[in-house]
Amino acid sequence: MISGIFIETIPGRANKAAALLGEINGVEVHHIEEDYKIILTIEAESINRSYEIAESFKPIEGILTICLAYSNFEEEPAYQKAGVPR
């Protein structure tokens, strides 16, 4: 399961926030723009775990918004068990 996330921070705080985000298991920071925009991906074993990882971003100082840009969950275990066609 891979999710693309756009994060907006208080101007001037993106680099510090990105450094902290990059320390979280499953998170890869791809781009920082204008020192207030961050693009990253979350790789997790399930939708629930991806959500938990994204929730852990909330207490990071300077983060204003967390926006899911895309999600690929073809291999989501819950869908596999339910027999949902792809």
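This is a short tour of a predicted model, with suggestions for what to select at each stop.

**Whole chain**

Start with a cartoon view of the entire protein chain. You'll find three helices and four strands, and if you trace them from the N terminus the order reads β-α-β-β-α-β-α. Now colour by burial: of the 86 residues, 29% are buried. The contact map has a long-range flavour too. Take the contacts between residues at least 6 apart in sequence, and 63% of them join residues at least 24 apart.

**The E2–E3 hairpin**

Next, select residues 27–33, which are strand E2, together with residues 37–43, which are strand E3. The two strands run antiparallel, and six bridges join them. For a pair to click on, try Val27, which stands opposite Ile42 in E3.

Now slide along to the turn. E2 and E3 make a hairpin with three residues between them. Pick Glu34, in the loop between E2 and E3, and check its backbone: phi is near 55 degrees, a positive value in a residue that isn't glycine. Most residues other than glycine have a negative phi, so this kind of spot deserves a click. Glu34 has a relative accessible area of 53%, so it counts as exposed.

Then select Asp35, in that loop between E2 and E3 as well. Asp35 also has a positive phi, about 50 degrees, despite not being a glycine. What is the relative accessible area of Asp35? It comes to 25%, which makes Asp35 partly exposed.

**Ser3 in strand E1**

Head back towards the start of the chain and select Ser3, which lies in strand E1. Is Ser3 buried or exposed? Its relative accessible area is 2%, so Ser3 is buried. Turn on side chains and look for Ser71: a polar contact of 3.4 Å joins the side chains of Ser3 and Ser71. To see who else is around, expand the selection, leaving out neighbours within four places in sequence. Ser3 is then in contact with Leu40, Thr41, Ile42, Ser50, Leu68, Tyr70 and Ser71.

**The largest pocket**

Keep Ser3 selected, since it is one of the residues lining the largest pocket. Add the rest of the lining: Met1, Ile5, Ile42, Ile47, Ser50, Tyr51, Ala54, Ile66, Cys67, Leu68 and Ser71. Which elements give two or more residues to this lining? They are strand E1 (2–9), helix H2 (47–55) and strand E4 (63–72). Ile42, which you met opposite Val27 in the hairpin, belongs to the lining too.

Switch to a surface if you like; the pocket's volume is about 160 Å³. Colour the lining by residue type and you get nine nonpolar residues, three polar and no charged.

**Ile60, between H2 and E4**

For the last stop, select Ile60, in the loop between H2 and E4. Although it sits in a loop, Ile60 counts as buried, because its relative accessibility is 12% and the cut-off for buried is under 20%. Show its surroundings, ignoring residues up to four places away in sequence, and you'll see that Ile60 touches Ala17, Leu20, Leu21 and Ile24.

To finish, draw a distance between the C-alpha atoms of Ile60 and Lys16. These residues are 44 apart along the chain, and the separation is 9.4 Å.

Conventions:
Residues are numbered from 1 along each chain as its sequence is written. This is a predicted model: local features need pLDDT of at least 70, side-chain atom pairs count only at pLDDT 80 or more; totals for chains, interfaces and linings use all residues. Side-chain values use heavy atoms; hydrogens and water are left out. On a 1 Å grid over the protein atoms alone, a cavity is a set of points where a 1.4 Å probe fits but cannot get out, and a pocket is an open set with protein on both sides within 12 Å along at least five of seven lines; lining residues have an atom within 4 Å of a point. Grid points are joined across faces, edges and corners, and a volume is the space filled by probe spheres set on the points. Ala, Val, Leu, Ile, Met, Phe, Trp, Tyr, Cys and Pro count as nonpolar, Asp, Glu, Lys and Arg as charged, and the others, Gly among them, as polar. Buried means under 20% relative accessible area, exposed over 50%, partly exposed in between (1.4 Å probe, protein chains only). Contact means heavy atoms within 4.5 Å. A polar contact is a pair of N or O atoms within 3.5 Å; within protein, one must be able to donate a hydrogen and the other to accept it, and residues adjacent in sequence count only if both atoms are side-chain atoms. Two strands pair if DSSP finds at least two bridges between them.
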